[in-house]
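Please open the structure in your viewer and keep the selection panel at hand. The stops below go from one helix pair to the wider contact around it, and then to a second pair.

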Amino acid sequence: MNYTLRRILSDKPALFGTLVIGVTVAGAVFAPLVTPYDPAQQFFDGLTLQGAPRPPNEQFWLGTDLLGRDLYSRLVYGARSSLIIGIAANAAAVLIGTLLGTTAGYVGGVVGTVIMRFTDLMMAFPALLLAIALAAILKPSLWIVAMVIALVNWVQIARVIYTETRALVERDFIEAARAIGAAWPRILFRHVLPHLVPTILVWSTLGIAITVLLEATLSFLGIGVQPPTPSWGGIIFESQSYFLNAPWLVFFPGVAIVLLALSFNLVGDALRDALDPTQRGRE
Amino acid sequence: MLKYLARRIFQSIGILLGVTVITFMLSFLIPADPVRMIAGRSATPATVERIRHELGLDQPLPVQYGRYLVNLVQGDMGRSYVQKSEVTELIASRLPATLLLMAGAIFFELLLGMPAGIFAASRRGRTADKAVMVLSFVGVSAPQFVVGLILLYVFAYSLALFPLSGYGTLWHLVLPALTLGFTGGGWYSRMTRSSMVEVLRQDYIRTARAKGASEGRVVLIHGLRNAILPIIAMIGLDIGIFMQGAVVVEAVYGWPGIGQLAWQAIQRIDIPIIMGVTLVAAVAIVLGNLLADIATSLFDPRVRLG
């Protein structure tokens with residue numbers, strides 16, 4: 001683990017990613033302390049005399065939105081939506097994927113075939129379309145959005161975990177455990193699962209990037225996180241009709257989404273390299 | 001090879017049958033009564049019953065599914081509840097726009113991704129390599145609507161080089177295709193790099209260098225020829241993905257493709273269109289996968305599928 005940590009800290013992009021994630025998490029947790037205004041408060045001087053949003057100035061650092069609310073405060077609070085959904089939905093997807101992948105890989109037989117044929121089926125489905133249709137049909141809320149994303153995203157994880165479990169089951173030490181009469185839960189949890197930890201860890205990180213992007217996309221289409229809860233995709237959705245005159249309303253939340261997704265990607269990628277034993281000593 | 005092909009095609013048909021079951025069930029998950037949508041609120045119970053009977057919705061589920069399958073085989077995906085026209089025709093009318101956008105997107109993905117990946121692989125481990133890889137990650141980490149809106153603001157609004165939205169000329173295609181190319185190109189660049197790195201490590205590359213072939217020749221002729229297979233396979237997968245229409249990009253640029261059709265149908269809960277688009281996309285994804293596999297086995301004699 002020490003080795004892994006050192007590898008990641010010596011990788012500048014990953015260090016940058018860790019920093020961005022740290023700042024975002026801190027901002028989301030301590031949002032009331034680091035924002036000058038309430039994100040829902042509509043300021044009288046937040047709009048110009050013509051009723052247009054105000055560009056960035058010393059009072060409103062990143063400008064205001066169409067309702068005269070402070071964009072900076074809304075962005076900080078919006079990080080909560082991205083992080084909660086990103087982490088919760090991805091955790092659920094990793095859990096489902098690991099459960100089905102190990103079961104299919106370890107049990108095999110009819111059960112394994114049924115599970116894997118079902119993942120094949122899910123792979124054939126247009127994921128984005130499915131998520132959009134589900135989110136539009138079920139009245140969206142924070143947790144519904146998280147659920148929809150988890151339902152769409154577990155498939156790839158299940159396939160990766162399945163392949164690795166299949167390879168593990170063939171190994172001698174599993175055979176040995178079985179030979180001395182270990183029960184299957186013990187073999188699964190004590191012998192198989194520990195070997196899957198690197199893969200699970202990598203997907204737990206890379207998957208958050210995918211989840212954050214999907215949440216932003218659903219919110220941009222108006223079927224993600226619902227107002228008044230601020231979310232980055234939602235801010236862009238609310239302001240797109242006016243964005244040619246107020247580009248900051250798209251630019252700042254857009255940069256926030258890219259930075260957060262990029263950071264999870266960079267850290268996940270570095271984790272993958274660091275945890276891959278065949279990559280050791282290379283460079 | 002033939003045996004493998006037959007098995008894969010058989011498998012694909014199985015998957016597609018499964019897909020039809022799920023799209024069929026989709027229509028029952030949706031909390032809206034299609035009969036009410038067609039008949040309107042003021043319809044008498046007798047009218048409602050008549051329409052229900054005409055649609056065959058009063059029959060047992062297996063019978064309904066059987067009819068759905070028989071119609072599908074004949075190319076009939078039902079009628080839209082809202083637009084009063086055949087789903088097959090509606091999708092066909094959107095096909096040219098979707099195919100055009102797909103071609104443009106893949107063009108930009110390759111144009112941006114492949115040179116970047118080749119360059120990174122040839123500078124492996126150095127700063128240039130890292131910079132290109134981070135840039136690729138920026139591409140895959142950028143939501144299409146953010147890239148789309150920023151390109152729209154800069155190139156269509158501020159610089160007025162391209163039209164703001166619409167469809168018709170090649171100029172209309174550039175920004176939507178570039179948006180998809182930038183976000184998807186990152187995957188191509190990463191794939192190209194890892195494939196090239198793998199190939200450049202081979203013995204025959206060392207031999208080529210030892211013979212005195214120039215570095216450019218080694219990388220571009222000896223290396224790329226063998227590194228290109230995963231990229232071809234990726235194009236196959238991409239075709240499947242783009243056939244569901246680019247919902248987000250089409251929304252940003254008002255592009256009249258399948259994605260726009262699907263998005264409008266979802267908003268109006270127009271079930272037959274949702275089912276139709278999902279099915280077309282699934283067929284494309286399965287076919288894309290199949291094509292990718294076949295291409296790999298055709299072009300690479302080392303891959304013997306059996």
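Begin, in this predicted model, by selecting helix H11 of chain A, residues 248–275, together with helix H7 of chain B, residues 144–158, whose axes come within 10 Å and cross at roughly 140°. Looking along the pair, you will find that H11(A) passes H7(B) in a left-handed crossing. To see what makes the contact, show the side chains of A:Val250, A:Phe251, A:Gly254, A:Ile257 and A:Val258 on H11(A), and those of B:Val146, B:Leu149 and B:Ile150 on H7(B). Coloured by class, this contact of H11(A) with H7(B) comprises 7 nonpolar residues and 1 polar residue, with no charged residues.

Next, widen the selection to the whole contact between the chains, to which chain A gives 31 residues and chain B gives 32 residues. On the side of chain A that touches chain B, at least two residues each are supplied by helix H5 (109–124), helix H6 (127–137), helix H9 (184–220) and H11, and the largest share, 9 residues, comes from H11(A). That side of chain A divides by class into 26 nonpolar, 3 polar and 2 charged residues.

Finally, move within chain B and select helix H13, residues 258–267, and helix H14, residues 271–299, which pack at an angle of about 145° with their axes 8 Å apart. H13(B) passes H14(B) in a left-handed crossing. Here B:Ile258, B:Leu261, B:Ala262, B:Ala265 and B:Ile266 of H13(B) meet B:Ile273, B:Ile274 and B:Val277 of H14(B), and this contact has 8 nonpolar residues, with no polar and no charged ones.

Definitions and conventions. Residues are numbered from 1 along each chain as its sequence is written. Chains are lettered from A and ligands numbered from 1 in the order in which they are written. This is a predicted model: local features need pLDDT of at least 70, side-chain atom pairs count only at pLDDT 80 or more; totals for chains, interfaces and linings use all residues. Axes are lines fitted to C-alpha atoms, for helices over the stretch in contact, and angles run from 0 to 180 degrees between N-to-C directions. Helices (H or I, at least four residues) and strands (E, at least two) are DSSP runs, numbered from the N terminus. A crossing is left-handed if the near helix is turned anticlockwise from the far one by less than a right angle, and right-handed if clockwise. Two residues are in contact if their C-beta atoms, placed from the backbone, lie within 7 Å. Ala, Val, Leu, Ile, Met, Phe, Trp, Tyr, Cys and Pro count as nonpolar, Asp, Glu, Lys and Arg as charged, and the others, Gly among them, as polar.
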